[in-house]
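Dear colleague,

I am passing on the structure below, and would be glad if you could look through it with the notes that follow. They begin with a loop and then move on to the sheet and its surroundings.

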Amino acid sequence: MSDPDELLRIEGIRKTFPGVVALDGVDFDLRRGEVHVLLGENGAGKSTLIKMLSGAHTPDAGRILVGGEETRIHGAQDSERLGIATIYQEFNLVPDLTVAENIFLGRQPRRFGMIDRKRMETDAEVLLKRVGVDVSPRARVRELGIARLQMVEIAKALSLHARVLIMDEPTAVLTSEEVDKLFAIVRSLREDGVGIVFITHHLEEIAALGDRVTVIRDGRSVGQVPATTPEDELVRLMVGRSIEQQYPRERADKGAALLTVEGLTRDGVFHDVGFEVHAGEVVGIAGLVGAGRTEVVRAVFGADPYDKGAVKVAGTALKRHDVNAAMAAGIGLIPEDRKGQGLVLDASVEENLGLVTLRGATRAGLVDLKGQREAAARIAGQLGVRMAGLGQHVRTLSGGNQQKVVIGKWLLADTRVLILDEPTRGIDVGAKVEIYQLINELTAAGAAVLMISSDLPEVLGMSDRVLVMAQGRIAGELAADEATQDAVMALAVSTPTTEVEAPRGR
Ligand SMILES: Nc1ncnc2c1ncn2[C@@H]1O[C@H](COP(=O)(O)OP(=O)(O)OP(=O)(O)O)[C@@H](O)[C@H]1O
Ligand SMILES: [Mg+2]
């Protein structure tokens, strides 16, 4: 007898890729009107599992039952026909088409045999309104920021009237207001009886949204627990040990100013931004999305131009808009959009890790390949990059492991001033701690670290000093002991003028 509330069931699924057992026996089931969270470390097999349901991969062994019936899902059309919609970790939209065209790709409404643009755009507008995003159906997807892309993906899934909605790390790129919106949508879908598979590395989201949790470790389902399970217990199930201290910041001796930014202005983008980062220091930059944080650090790194001001490393002014000059002076930037800016997807882990150092080494006329390989192996081990070997192509690494490679690349590069833009996005709780340890090592060795993060506990937990940006300006500065969530948020929503608010006690 099949249970009418059971939407799908997975039994003993296995999947092997060359050199990797990605899934080694996973059981999972989804019921009507529930949010079922998939939890696991980077590379545990979460994305691979949901790709069995979206038709992107077929299992080597095991069974998939949809509505009580054993089913084979070959390709996206099978999946769609079964009422399954998937929002991938890697977006799946076509950049040069409009928002409306993307939402209705392959299913455009027709009138007299022609695509009914008008209807398509009004329908899209209704869907976009429902997800609460302010974007024109006629905008090109290429022009959208990452959060809006996410919302368009959700609008698209809604248009499919799916009974099963799969979301692979949907909140990784969203701000807290956007997360609230997303949760409201997910809750209303759940009310309507939709079953939702939800992947996240943000543990606090589990109790807030989830009903049940399936924990996957090394390709196996190792437990199924209610979403009310305490976080430390979830961590233990997931990584196999408990984590004592999530933010293990060890203060280093503060040395001379390594990075000095003075009056940096890019008309219409950021204005009169000035700050210093000293050797041994971790300075956090908090702020709402759109406050101009990424734009400022890109200008500091020379990736974008600026109109006024100066950037100095150890007192020496850098040439404007010149990445090579910045790198030669010892600045490294781990970008927010790692996929687009940080990696060569069809090169190996080793090649990617060597990208920055190799450039320096060849310029000096010597390439120490053996040393390079050893260094790559060491950093990959330290960060726990899950891979078949250093020769594996980065494209086939899990999302979080790709991020570890970008971070590892810059950690290897002997930077004096390391700028991290959202460094732990998509990184599991255990691996985050490893990254924080490496930040400690860097500052202990005298480097200066500038860290943008929208994860407030992370900024507060790891920074020695916090700069808060709002509307393209620095709204204020908080010492570690006065930086609370409330203090940061108050500055983040303020309207700063040219005068920088003087830090307290000075
Ligand atoms: N096409 C592929 N070829 C080779 N290996 C692959 C391929 N796809 C996935 N893998 C491997 O399968 C394992 C599981 O990856 P998966 O993407 O499912 O992890 P994940 O749990 O989603 O991790 P994350 O939290 O980092 O997104 C990883 O070791 C990954 O390198
Ligand atoms: Mg994944």
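**Two residues with positive phi**

Glutamine 471 is found in the loop between strand E21 (465–470) and strand E22 (473–479), where helices (H or I, at least four residues) and strands (E, at least two) are DSSP runs numbered from the N terminus. Please keep in mind that this is a predicted model, in which local features need pLDDT of at least 70 and side-chain atom pairs count only at pLDDT 80 or more, while totals for chains, interfaces and linings use all residues. Residues are numbered from 1 along each chain as its sequence is written, chains are lettered from A and ligands numbered from 1 in the order in which they are written, and side-chain values use heavy atoms, with hydrogens and water left out.

Most residues other than glycine have a negative phi. Glutamine 471, however, has a positive phi near 50°, and with a relative accessible area of 52% this residue is exposed (exposed means over 50% relative accessible area, buried under 20%, and partly exposed in between, with a 1.4 Å probe and protein chains only). Glutamate 169, in the loop between E9 and helix H6 (176–191), also departs from that rule, with a positive phi of about 55°, but glutamate 169 is buried, at a relative accessible area of 9%.

**The open sheet**

Six strands make up an open sheet of mixed pairing, in the order E6-E9-E10-E3-E11-E12, two strands being paired if DSSP finds at least two bridges between them. E6 and strand E12 (220–226) are at the edges and have a single partner strand each, so one side of each lacks a neighbour in the sheet. From one strand to the next the twist averages 20° (axes are lines fitted to C-alpha atoms, for helices over the stretch in contact, and angles run from 0 to 180 degrees between N-to-C directions).

Strand E6 (residues 84–87) is nevertheless covered on both faces, with Ile84 and Thr86 buried on one side and Ala85 and Ile87 buried on the other. E6 runs parallel to strand E9 (residues 164–168), to which four bridges join it, and alanine 85 stands opposite leucine 165 in E9. Strand E3 (residues 35–39) and strand E11 (residues 212–217) are likewise parallel and joined by four bridges, with histidine 36 opposite arginine 212 in E11. Helix H8 (residues 231–239) packs on the sheet, where it touches E3, E11 and E12, and its direction makes about 35° with that of E11; contact here means heavy atoms within 4.5 Å.

**A buried aspartate**

Which side chain of opposite charge is nearest to aspartate 116? Aspartate 116 lies in the loop between strand E8 (114–115) and helix H4 (117–131), and the side chain in question is that of arginine 111, 4.5 Å away, so that by definition no salt bridge is formed (a side-chain nitrogen of Lys or Arg within 4 Å of a carboxyl oxygen of Asp or Glu). Aspartate 116 is buried, and a polar atom of its side chain lies 3.2 Å from the backbone nitrogen of arginine 119.

**Two helices**

In helix H1 (residues 46–54) eight of the nine residues are buried, so H1 is largely enclosed by the rest of the structure. Glycine 55, which follows H1, has a positive phi near 85°. Alanine 376, in helix H13 (residues 369–383), is buried at 1% relative accessibility.

With best regards

Definitions and conventions
Lys, Arg positive; Asp, Glu negative; His and termini not counted. Polar contact = N/O pair within 3.5 Å; in protein donor to acceptor, adjacent residues only side chain to side chain.
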